[in-house]
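Work through the exercises below with the sequence and the model open. Each task is followed by its solution.

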Amino acid sequence: MSGHIPVMLDEVVAELGPRDGGVYLDGTFGGGGYARAILDAAACTLWAIDRDPEAVARGAILAARYPGRLHVIQGGFGQMIALLGEHGVAALDGVVLDLGLSSFQIDDPARGFSFRGEGPLDMRMGQCASGGGVTAADLVMNLSEAELADTLFHFGEERLSRRIARAIVAARALAPITTTTRLADIIRGVVPPSRDGIHPATRSFQALRIRVNDELGEIERALAAAAQLLAPGGRLVVVSFHSLEDRLVKRFMAEASGRAPGPSRHDPRGLDSRAPPVFSLLTPRARRPGEAETTRNPRARSARLRALARHAGTPADQKGMA
Ligand SMILES: C[S@@+](CC[C@H](N)C(=O)[O-])C[C@H]1O[C@@H](n2cnc3c(N)ncnc32)[C@H](O)[C@@H]1O
């Protein structure tokens, strides 16, 4: 199993701007690449969350190297307010989210995320094989043909969703679909190879993974929570890897900074379009990795970084902020 190469690391640290005495959250600890860089950049405290118990175990090892400065919690970043609240943390100077999967997860066939090696059709980020929760195999075996097609279309932007759903339903009537390679073969049987060399099963695997882990719901909850937790001057930095993620981040940041018509003051995210914005967009356009990075680490190719800062403001301005 290989390690994880952190994506846009220098850019992330520059946008977050860690300072001595600050309190930060890395909502996606993964292999700890960002965490190490943040802890090395300033004498700060870092809280880290990951829903994957294997990442949390790596975090415990790293925490021992930064005594009293790194605290790693298992859970979904969408629940960051409750998770941090249990430790008495109610305000942060910065939050970073590096969405999606780590290479540890993708490269381990036993986790079932990749069609490149045979493994159980699992895809749960938060559970290892013995845990609970709905797996990708559960979806593939139990969803109706229409639900399967909708899932592939909405979460994978798969044009051939209906054709693939039909093939899955026909195949599962013959024998249960329980492995990554069997599902990939079924999809390859009905999706012609693309000219850009993308594997025919890529979009379907993305769709199932997003649904299994409620990834878009988690992102929406996390953005709202981060906005609430940020102290004056605090920053939110998000790296996303596909258009569904990036669209949510882009829209949220545009609304929070008053660049797009926002929601009403009853919006569950706590943003109020009628109040003057209390955030500034640090990245009017998404930042992209440089060529040197994408050559060194092809997984960085689709990365987009967006960042937001809460105004430093006056104490009066800060009363009742989002
Ligand atoms: C791309 S990796 C992060 C890599 C990390 N920045 C590094 O430098 O090593 C994403 C991590 O976020 C975790 N993750 C994804 N969605 C999550 C969620 N909703 N809540 C908590 N962790 C999540 C995954 O389990 C994975 O370990």
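**Exercise 1.** How many residues surround the ligand, and which are the closest?

The model is predicted, so local features need pLDDT of at least 70 and side-chain atom pairs pLDDT 80 or more, while totals for chains, interfaces and linings use all residues. Residues are numbered from 1 along each chain as its sequence is written, and side-chain values use heavy atoms, leaving out hydrogens and water.

Step 1. Collect residues with a heavy atom within 4 Å of the ligand.
Step 2. This gives 24 residues, the closest being Asp50, Phe77, Asp98, Gln105 and Glu218.

**Exercise 2.** Find polar contacts of the ligand (N or O atom pairs within 3.5 Å).

Step 1. A ligand nitrogen lies 2.8 Å from a polar backbone atom of Phe77.
Step 2. A ligand oxygen lies 3.1 Å from a polar backbone atom of Tyr34.
Step 3. The side chain of Gln105 places an N or O atom 2.8 Å from a ligand oxygen.

**Exercise 3.** At what angle do helices H7 and H10 pack?

Step 1. Locate H7 at residues 145-156 and H10 at residues 202-212; helices are DSSP runs (H or I, at least four residues).
Step 2. The angle is about 95°, with the axes 8 Å apart; axes are lines fitted to C-alpha atoms over the stretch in contact, and angles run from 0 to 180 degrees between N-to-C directions.
Step 3. H7 and H10 are therefore roughly perpendicular (65 to 115 degrees).

Conventions
Helix = DSSP H or I, 4+ residues; strand = E, 2+ residues; numbered from the N terminus. Parallel < 35°, antiparallel > 145°, perpendicular 65-115°, else oblique. Polar contact = N/O pair within 3.5 Å; in protein donor to acceptor, adjacent residues only side chain to side chain.
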